[in-house]
Structure formats: C-alpha cells, structure tokens
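Trainee: Before we look at the model together, I would like to ask how each label attached to it is justified. Could you take me through the reasoning step by step?

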Amino acid sequence: MTHTIIINTTDDKDFELIKGLANRLGLPVAERHTEELLMTPEDSFLKLFGSWESDESGDELAAIIHSSRNDNPRDIQL
C-alpha cells in the first residue's frame, strides 16, 4: 500500500529539511513548486490577461476590426 503526504510550505528552509529527511529515509520524493498556491485570487485573475504585440498601431487595428464587421441587416423571421 502506498501512502502520500502533501506538505505545503512557503519557507525554503522547511522544505529542504523535510525533503532531506525523506531522502535520508530512502523515500521517493516528488516535488511540485507552484506560484499559484501563493497568489491571491486577484493576482490569479489578473494573470489571465496578456498583451498584444503587433506592427499595426491601435488605430490601424481598430480600422481592421471595424472593416471586418458584418453589420448588414439579416432577414430572419422570429
């Protein structure tokens, strides 16, 4: 039977101590380091947003988007 212990720590010294103990006992260690566990919900939400890199200026991009629109009335019977 395999038993798993998950220990979340933000202290590097605690992490190294626990990892060293597991190694001394000959136990397999699987590490996972995630910043997301330390982030606030607001930071996690803001991380979803990126930036746009383009050779076109903002006005040129707006013109491209505007000219690509299909604003013609549709003959749909509701």
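Mentor: Let us begin with I5, which sits in the segment before α1 (12–24); please bear in mind throughout that this is a predicted model.

Trainee: Why is I5 called exposed?

Mentor: The label exposed requires over 50% relative accessible area, and I5 counts as exposed because its relative accessibility is 71%.

Trainee: What makes I5, I7, L17 and I18 a nonpolar patch on the surface?

Mentor: Membership asks for over 30% relative accessible area, no salt bridge, and nonpolar side chains that are joined within 5 Å; I5, I7, L17 and I18 form such a patch, and together they offer about 440 Å² of accessible area.

Trainee: Which residues gather in a patch of negative charge on the surface?

Mentor: They are D11, D12, D14 and E16, of which E16 lies in helix α1; for like charges the joining distance is within 9 Å.

Trainee: How do you know that the side chains of E31 and K19 meet in a salt bridge?

Mentor: The criterion is a side-chain nitrogen of Lys or Arg within 4 Å of a carboxyl oxygen of Asp or Glu, and the N to O distance between K19 and E31 is 2.5 Å, which satisfies it. E31 lies in the loop between α1 and α2 (41–46) whereas K19 belongs to helix α1, so the pair ties together parts that are 12 residues apart in sequence. In general, side chains of opposite charge can pair when their charged atoms come close. The structure holds 1 salt bridge.

Trainee: Why are E31 and K19 called neither buried nor exposed?

Mentor: Buried means under 20% and exposed over 50%, with partly exposed in between; E31 is partly exposed because its relative accessible area is 38%, and K19 is partly exposed as well, with a value of 24%.

Trainee: Is D55 buried or exposed, and what makes it so?

Mentor: D55, which lies in the loop between α2 and α3 (58–68), counts as exposed because its relative accessibility of 83% is over the 50% that the label requires. D55 and S68 are 13 residues apart in sequence, and their C-alpha atoms are 18 Å apart in space.

Trainee: Turning to the whole chain, how many helices and strands does the protein have, and how do you know that it is more spread out than a compact globule?

Mentor: The protein has 3 helices and 0 strands, and its elements run α-α-α from the N terminus on. Its radius of gyration is 26 Å, well over the 12 Å that the globule rule gives for 78 residues, and therefore the protein is more spread out than a compact globule. Along the principal axes, the C-alpha trace spans about 75 × 40 × 20 Å, and 1% of the 78 residues count as buried.

Key:
Residues are numbered from 1 along each chain as its sequence is written. This is a predicted model: local features need pLDDT of at least 70, side-chain atom pairs count only at pLDDT 80 or more; totals for chains, interfaces and linings use all residues. Side-chain values use heavy atoms; hydrogens and water are left out. Helices (H or I, at least four residues) and strands (E, at least two) are DSSP runs, numbered from the N terminus. The radius of gyration is taken over C-alpha atoms; the globule rule is 2.2 Å times the number of residues to the power 0.38. Buried means under 20% relative accessible area, exposed over 50%, partly exposed in between (1.4 Å probe, protein chains only). Accessible areas come from the Shrake-Rupley method with a 1.4 Å probe; for residues, only the protein chains shown count as cover. Lys and Arg count as positive and Asp and Glu as negative; His and the chain ends are not counted. The place of a charge is taken as NZ of Lys, CZ of Arg, CG of Asp or CD of Glu.
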